[in-house]
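Student: I should like to learn how to read a structure feature by feature. Could we work through one together, beginning with a single residue?

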Amino acid sequence: MSFAPANSNEPSPGPKRLLAVDDNFESAELIARIGIACGYETKPITDPRTVPDILADWKPDVLTLDLCMPHKDGFSILTTLQEVGFKGSLIVISAQNDWLRKAACQLAEVNGIEVTSHLQKPINLRALRDLLNTIRVVG
């Protein structure tokens, strides 16, 4: 029996990992609970300043991202994702206007980040569940 090092770049053989980044605790927890129901290992975080360390240590397969947060907004997190070479799927979930969510997705894609979709808050639970199930099965 062999074990991969904890910080290996190899994908984990277990469930996919979902990181929910939202300054609103209830939103982050809701996204995490939906992820668990879809078979993901999840981690909700409310302080976007912790994203770089979590990406380095935990390596999520999917990241949901709110755009408007204190201390560090979603657009600066996109830069962080590019800098660390994030190879997972991004879902932007924000109460911001459709055009701003689309702009964030376009910026991410231009910088080599795979964008699965964007969703409006309040979250359509069925749409999020369908997205997560599709990523888990296909991706």
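Tutor: Let us begin with Thr64, which is buried at a relative accessible area of 1%. Please bear in mind throughout that this is a predicted model.

Student: Where is Thr64 placed, and which residues is Thr64 in contact with beyond its neighbours in sequence?

Tutor: Thr64 belongs to strand 3. Once residues within four places in sequence are set aside, its contacts are Leu18, Leu19, Ala20, Val21, Ile31, Ile91 and Ile93.

Student: How should I read the sheet, and in what order do its strands lie?

Tutor: In general, the strands of a sheet pair through backbone hydrogen bonds, in a parallel or an antiparallel sense. In this model, five strands make an open sheet with parallel pairing, and their order is 2-1-3-4-5. Strand 2 (41-45) and strand 5 (114-120) are the edge strands, each pairing on one side only. Ignoring direction, the average turn between neighbouring strands of this sheet is 15°.

Student: How many bridges join strand 1 and strand 3, and how many join strand 4 and strand 5?

Tutor: Strand 1 (residues 17-21) pairs with strand 3 (residues 62-65) over four bridges, in the parallel sense. Within that pairing, Val21 has Leu65 of strand 3 as its bridge partner. Strand 4 and strand 5 are likewise parallel, with six bridges. There, Ile91 is opposite Ser117 in strand 5.

Student: What handedness does the unit of strand 4, helix 4 and strand 5 have?

Tutor: The β-α-β unit made by strand 4, helix 4 (residues 98-110) and strand 5 is right-handed. Another helix to consider is helix 3 (residues 74-84), which lies across strand 3 and strand 4 (89-94) and runs at about 160° to strand 3.

Student: Is Val51 buried or exposed, and what does Val51 touch?

Tutor: Val51, in helix 2 (residues 51-58), counts as buried because its relative accessibility is 0%. Not counting residues up to four places away in sequence, Val51 touches Val21, Ile45 and Ile77. Val51 is also 14 residues from Leu65 in sequence, with 11 Å between their C-alpha atoms.

Student: How many disulfides does a search of the whole structure find, and why does Cys68 form no bond with Cys105?

Tutor: The search of the whole structure finds zero disulfides. For Cys38, the nearest cysteine sulfur is that of Cys105, 19 Å away. The closest cysteine sulfur to that of Cys68 is also in Cys105, and at 14 Å it is too far for a bond. As for accessibility, Cys38 is buried at 4% relative accessible area, whereas Cys68 is partly exposed at 42%.

Student: I should also like to examine the backbone. Which residues other than glycine have a positive phi?

Tutor: Lys59 is one of them, with phi near 50°. Lys59 lies in the loop between helix 2 and strand 3 and counts as partly exposed at 31% relative accessibility. His71 is another, with a phi of about 75°. The loop between strand 3 and helix 3 holds His71, which counts as exposed at 61% relative accessibility.

Student: What is the form of the peptide bond from Lys121 to Pro122, and where does Pro122 lie?

Tutor: That peptide bond is cis, and its omega is near -5°. Pro122 is in the loop between strand 5 and helix 5 (125-138).

Notes
Residues numbered from 1 in each chain as written. Predicted model: local features only at pLDDT ≥ 70, side-chain atom pairs only at ≥ 80, totals over all residues. Heavy atoms only, no water. Pairing = 2+ DSSP bridges. Helix = DSSP H or I, 4+ residues; strand = E, 2+ residues; numbered from the N terminus. Axes fitted to C-alpha atoms, helices over the stretch in contact; angles between N-to-C directions. Contact = heavy atoms within 4.5 Å. Disulfide = S-S within 2.5 Å. Buried < 20%, exposed > 50% of the residue type's maximum accessible area, 1.4 Å probe, protein only. Right-handed = clockwise from strand over helix to strand, strands pointing away.
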